[in-house]
Amino acid sequence: MQTSATPTPSAHKHTPRRRPHAMELPTPITFAANASWTCTTCGVPHRFTNTSFARPLGRLKCPLCSAVANFNLPLTNTNLAILDGNQYSVSVPPGSRDKPLTVFGWVCCSCGRSHQRIPHAIERPATPPPRFRDRILKAYHKTIHGGDFEYDSVTSIHDYGSSLPERKGFRVAFDRPCSCEHATCELCYRFKVVGEGEWIAATGAVGVFPSNRT
Ligand SMILES: [Zn+2]
Ligand SMILES: [Zn+2]
Ligand SMILES: [Zn+2]
């Protein structure tokens, strides 16, 4: 009889819970020693404490007055940049980097927990883009009508097209609710910390959230 409790992936598709170890891994954000956020209700600055991979800024709930941070978040000595969209694309420079260094996250305006949103690679189409297909076909016809069929010239053009130094594309969306079940809204503080050489573009409607569409 099998006693192993190894779950099958399909049996747990419905579990939206985060993996526990994300609370033990360090935050991807580097904080200066004097970095702080200021409570807008009582005006007292606080350090970023209890940060982790899952809670990149910790929990931004004022320990003095219990107010929770929102989009109007005064920050001191951080490299966080505020975002007002709900979906972004990230372009990574050609090279060995296989995932963005840019960090995306948000702070729940209901409970103050901070969250990371991890960009996912945009799948490249299975067939070459039309302009490459056209060039392949042109090369094919040229060699056919020129008499000699040079298969190599056809494949080399295809290879040339697919080996161009391309920037890899990723996409990220603020589409996951907090563990308190609050979905990202326009009052939540959304942020990025841009990785070197990476381009960020808003791809969704800025300031529009599914909860707004009634
Ligand atoms: Zn306060
Ligand atoms: Zn929350
Ligand atoms: Zn909110």
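This briefing describes the metal sites, strands, loops and enclosed spaces of the structure shown above. The structure is a predicted model. The zinc ion (ligand 1) is held by Cys39, Cys42, Cys62 and Cys65, and the zinc ion (ligand 2) by Cys108, Cys111, Cys178 and Cys180. Strand 10 is largely enclosed by the rest of the structure, because five of its five residues are buried. The model also holds one cavity of 30 Å³ or more.

**The zinc ion (ligand 1)**

- The SG atoms of Cys39, Cys42, Cys62 and Cys65 are the protein donors of this ion, and they lie 2.3 Å from it.
- The site of the zinc ion (ligand 1) is tetrahedral, with angles of 102 to 122° among the four donor atoms.
- Along the chain, the donors of the zinc ion (ligand 1) are spaced as C-x2-C-x19-C-x2-C.
- Two of these donors can be described by their accessibility: Cys62 has a relative accessible area of 2% and therefore counts as buried, whereas Cys65, at 31%, is partly exposed.

**The zinc ion (ligand 2)**

- Coordination of the zinc ion (ligand 2) comes from the SG atoms of Cys108, Cys111, Cys178 and Cys180, at 2.2 to 2.3 Å.
- The geometry at the zinc ion (ligand 2) is tetrahedral, and the angles among its four donor atoms run from 99 to 119°.
- The spacing of the donors of the zinc ion (ligand 2) along the chain is C-x2-C-x66-C-x1-C.
- Distant parts of the chain are linked here by the pair Cys111 and Cys180, which are 69 residues apart.
- Cys111 belongs to the loop between strand 6 and strand 7, and Cys180 to the loop between strand 9 (168-173) and strand 10 (189-193).
- Cys111 is buried, its relative accessible area being 6%, while Cys180 is partly exposed at 31%.

**Strand 10 and its partners**

- Both faces of strand 10 are covered: Tyr189, Phe191 and Val193 are buried on one side, and Arg190 and Lys192 are buried on the other.
- Strand 4 pairs with strand 10 in the antiparallel sense over three bridges.
- Within strand 10, Phe191 is the residue that stands opposite Ile82.
- Strand 6 is also joined to strand 10, through five bridges, and the two run antiparallel.
- Arg190 in strand 10 is the bridge partner of Trp106.

**An open sheet of four strands**

- Strands in the order 8-9-5-11 form an open sheet with antiparallel pairing.
- Strand 8 (120-121) and strand 11 (199-202) are the edge strands, each pairing on one side only.
- Four bridges connect strand 5 (residues 87-92) with strand 11 in the antiparallel sense.
- Ile200 in strand 11 stands opposite Val90.

**Loop residues and contacts across the sequence**

- Pro74 lies in the loop between strand 2 (45-46) and strand 3 (75-76).
- With a relative accessible area of 32%, Pro74 is partly exposed.
- Although Pro74 and Thr40 are 34 residues apart along the chain, their C-alpha atoms are separated by 7.5 Å.
- Asn79 is placed in the loop between strand 3 and strand 4 (81-83).
- Asn79 is partly exposed, at 43% relative accessibility.
- The C-alpha atoms of Asn79 and Thr30 are 8.5 Å apart in space, and the two residues are 49 residues apart in sequence.

**The largest cavity**

- The largest cavity has a volume of about 50 Å³.
- Residues lining the largest cavity include Trp37, Thr38, Cys39, Thr40 and Thr41, and Ala67, Val68, Ala69, Asn70, Asn72 and Leu73 are also among them.
- Cys39 thus has two roles in this description, as a donor of the zinc ion (ligand 1) and as a lining residue of the largest cavity.
- The lining of the largest cavity has six nonpolar and five polar residues, with no charged residues.

**The second largest pocket**

- The second largest pocket contains about 310 Å³ of space.
- Of the 15 residues that line the second largest pocket, Lys99, Pro100, Thr102, Gln116 and Ile118 lie nearest its centre.
- Strand 6 (103-107) and strand 7 (114-117) each contribute at least two residues to the lining of the second largest pocket.
- By class, the lining of the second largest pocket has nine nonpolar, two polar and four charged residues.

Methods
Residues are numbered from 1 along each chain as its sequence is written. Chains are lettered from A and ligands numbered from 1 in the order in which they are written. This is a predicted model: local features need pLDDT of at least 70, side-chain atom pairs count only at pLDDT 80 or more; totals for chains, interfaces and linings use all residues. Side-chain values use heavy atoms; hydrogens and water are left out. Donors are N, O and S atoms within 2.8 Å of the metal (3.2 Å for Na, K and Ca); water is not among the atoms, so sites may look incomplete. Four donors count as tetrahedral if all angles lie between 85 and 135 degrees; four count as square planar and six as octahedral if opposite donors are over 155 degrees apart and all others between 65 and 115; anything else is irregular. Buried means under 20% relative accessible area, exposed over 50%, partly exposed in between (1.4 Å probe, protein chains only). On a 1 Å grid over the protein atoms alone, a cavity is a set of points where a 1.4 Å probe fits but cannot get out, and a pocket is an open set with protein on both sides within 12 Å along at least five of seven lines; lining residues have an atom within 4 Å of a point. Grid points are joined across faces, edges and corners, and a volume is the space filled by probe spheres set on the points. Ala, Val, Leu, Ile, Met, Phe, Trp, Tyr, Cys and Pro count as nonpolar, Asp, Glu, Lys and Arg as charged, and the others, Gly among them, as polar. Two strands pair if DSSP finds at least two bridges between them.
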